[in-house]
Amino acid sequence: MKKNLCLLISFIFIISLNGCSNGKNKYYEKSNIVMDTAVTLSAYGANSKEAVEESFKRLDEINDMASTTIETSDIYKINSLSGKEYVKVHPEIIKMIQTSIKYSKLSNGAFDVTLGPIINLWGIGTDNERLPSDEEIKSKLPLVDYEKISINENDNSVMLKDEGMAIDLGGVAKGFAADEVLKIYKKYNIENGLINLGASSIYALGKNKDKRDWSVGIKHPRSEDPNEYLGVIKLSDESLSTSGDYERYFIKDNKRYHHIIDPKTGYPVDNGVISDTIVVDGDNPDNGMLADILTTTVFTLGQEKGLKLINGLSGVSCEITTANYKVYASDGFKDRITDINKDFKFTD
Ligand code: ADP
Ligand code: MG
């Protein structure tokens, strides 16, 4: 687990503000580290506390089935039995894998959940991060192939066809988890709130306490100051996801090695993109999962192919920032951003 996240573990707080606690609008907020991520859930409503508490339990359940390191998780079992046996898994795992495969096909393999062997080699964001040799990467690359995931829908079982293959849901599980939290919010009739699973997956439900759209800052990809933004976007009943090369990385000989891997090369994506942000309309089923998958996909595709992909999807928009601080936006996205940082230049 990343070092600074370890420090944050002790930082668990619960605020129950009573300023607007006239029953119907009771505010409840809680933060904790789940899935290696600082998660903050807030909600307004008579059952806000129940909704938030149940959501954190659900996040633990998802982590317990999707983790690559917990030995009892579905993913750990699939990976340990690769090339050998089908493993019966939760339907949630089937859904995450099937949706991932759909976007692997759509992106010609830019997104691939079978990157596990390569991700393990690099260990980026763990205590074992290192620069592997070319030979090591080449020896693992043939194990990366989403077409070799076999799913038996009759009994919810999954098998990876070749021994040594491994699934890693790091680019999809947080988005899926945000969708699950939203379902719990809806069950408790929460109409306003913010679901924040780090920058990876944010869902803004309804309006903020001032009855306005939620304002969410898009992180400045190169600033050390967490409060310095590329710009601010207003959201209501929408998902937002950001991927960046600054989230998990190490620098060796002046080169940045980060956690988004090109499945074609086995190396961190090196196409000039340093961050990208996707917004998906809340009407879109599985919008959180979609936003999460698409940020990683667009990052890997680069600005030209990435924009083409996004402009072809309905209810989805994006911005892509490159190393020269140019920002490429899909149709209509720029108009939604305010407080644009002067470091950046939007291009058409
Ligand atoms: P975050 O973890 O901050 O949400 P992303 O959504 O960009 O970051 O997902 C990156 C994670 O997805 C990596 O840590 C890794 O587990 C996995 N991953 C990296 N590259 C790819 C890829 N090309 N396709 C699918 N998953 C990837
Ligand atoms: Mg993500």
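The C-alpha centres of domain 1 and domain 2 lie 23 Å apart in this predicted model. Their contact draws 32 residues from domain 1 and 30 residues from domain 2. The domain assignment places residues 68-160 in domain 2. Domain 1 is assigned two segments, 5-64 and 172-346.

Confidence was examined next. The mean pLDDT of the protein is 93. A pLDDT of 70 or more is reached by 94% of the residues. Residues 1-20 stand under 50 throughout. The model nevertheless has 34 contacts for residues 1-20 beyond four places in sequence. Where pLDDT is low, predicted coordinates should not be read in detail.

One helix pair was analysed in detail. Helix α4 covers residues 91-106, and helix α8 covers residues 287-301. The two helices pack with their axes 11 Å apart. The angle between α4 and α8 is about 45 degrees. This value makes α4 oblique to α8, because angles of 65 to 115 degrees count as roughly perpendicular and those under 35 as roughly parallel. The crossing of α4 and α8 is right-handed.

The residues at this helix contact were then listed. On the α4 side, the contact involves K95, M96, T99, S100 and Y103. These residues meet M289, L290, I293 and L294 of α8. By class, six residues of the α4 contact with α8 are nonpolar, two are polar and one is charged. The charged residue is K95 of α4. The polar residues are T99 and S100, also of α4.

Notes
Residues are numbered from 1 along each chain as its sequence is written. Chains are lettered from A and ligands numbered from 1 in the order in which they are written. This is a predicted model: local features need pLDDT of at least 70, side-chain atom pairs count only at pLDDT 80 or more; totals for chains, interfaces and linings use all residues. Side-chain values use heavy atoms; hydrogens and water are left out. Axes are lines fitted to C-alpha atoms, for helices over the stretch in contact, and angles run from 0 to 180 degrees between N-to-C directions. Helices (H or I, at least four residues) and strands (E, at least two) are DSSP runs, numbered from the N terminus. Angles under 35 degrees count as roughly parallel, over 145 as roughly antiparallel, 65 to 115 as roughly perpendicular and the rest as oblique. A crossing is left-handed if the near helix is turned anticlockwise from the far one by less than a right angle, and right-handed if clockwise. Contact means heavy atoms within 4.5 Å. pLDDT is the predictor's confidence in each residue, from 0 to 100. Domain bounds come from an automatic or database domain assignment.
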